[in-house]
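This briefing goes through the strands, the helix packing and the model confidence in turn. Please keep the sequence and the 3D view open while reading.

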Amino acid sequence: MDAESDMSRRVPAVDSPEASTSDAPDTAFGDFNVASDFGQIGDAARTPAADLFFGDFAPPLDPDLVFECSASMNGEHGAVALYEDRVIVESPDEPEGEAVFSSDTVRAWWLVEGEAFFALVVEADVLHRTRLPSGFKAVLAAAFTKAFGAASTPTGA
């Protein structure tokens, strides 16, 4: 039996006795259980949501970019962009709001734990710091470990 004919796998119809309004599917963009509701690429009847692609909303990325993450929390913006030759840190802690420094100058980096956030601290020409949501911690640590080696304590500490 194929998936489309297996009625046990389908969401109950809104007007069926076993369905309540809380169980009703959101059909504004078509029935996700019926492939034909989305049509094929180029169909005039194709559902507009099927043509949405996040890349259409964002500008193209710099081809030299290795890693980037950014977030705004409680009105404070933090970001890190890692390139082969440089690092960009955006933070209210930076005098100009942003610091750009050569990857060659990075001597140490480490993470400072918080509850809903963590801080990345990078020792380069001076100490640079930015705060980001905890959800970014693992991927940022992986990117920095690959680029600069394992996290370490500050020089002279």
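**Two sheets and a helix**

In this predicted model, four strands form an open sheet with antiparallel pairing, in the order β1-β2-β3-β4. Strands count as paired if DSSP finds at least two bridges between them; strands (E, at least two residues) and helices (H or I, at least four) are DSSP runs, numbered from the N terminus. A further open sheet, of three strands, has the order β5-β6-β7 and is also antiparallel.

**Sheet β1-β2-β3-β4**

- At the edges of this sheet are β1 (65-73) and β4, each of which pairs on one side only.
- From one strand to the next, the twist averages 10°; axes are lines fitted to C-alpha atoms, for helices over the stretch in contact, and angles between N-to-C directions run from 0 to 180 degrees.
- Helix α1 packs on this sheet and touches β1, β2 (76-83) and β3, where contact means heavy atoms within 4.5 Å.
- The direction of α1 makes about 35° with that of β2.

**The β3-β4 pair**

- Five bridges join β3 (residues 86-90) to β4 in the antiparallel sense.
- R86 has S102 in β4 as its bridge partner, and E90 has E98 in β4.
- Side chains alternate along β4 (residues 98-102): A99 and F101 are buried and point to one face, with buried meaning under 20% relative accessible area, exposed over 50% and partly exposed in between (1.4 Å probe, protein chains only).
- E98, V100 and S102 point to the other face of β4 and are not buried.

**Sheet β5-β6-β7**

- β5 (108-113) and β7 (127-133) are the edge strands; each has a single partner strand, so one side of each lacks a neighbour in the sheet.
- The twist here averages 20° from one strand to the next.
- β5 and β6 (residues 117-123) run antiparallel and are joined by six bridges.
- Within this pair, E113 stands opposite F118 in β6.
- Helix α1 (residues 137-148) packs on this sheet too, touching β5, β6 and β7, and its direction makes about 165° with that of β5.

**Confidence and conventions**

- The chain has a mean pLDDT of 75, and 61% of its residues reach 70 or more; pLDDT is the predictor's confidence in each residue, from 0 to 100.
- Residues 1-12 have pLDDT below 50, and this stretch has 15 contacts in the model beyond near neighbours in sequence.
- Residues 25-35 also have pLDDT below 50, with 18 contacts beyond near neighbours in sequence.
- Residues are numbered from 1 along each chain as its sequence is written, and side-chain values use heavy atoms, leaving out hydrogens and water.
- Local features need pLDDT of at least 70 and side-chain atom pairs count only at pLDDT 80 or more, while totals for chains, interfaces and linings use all residues.
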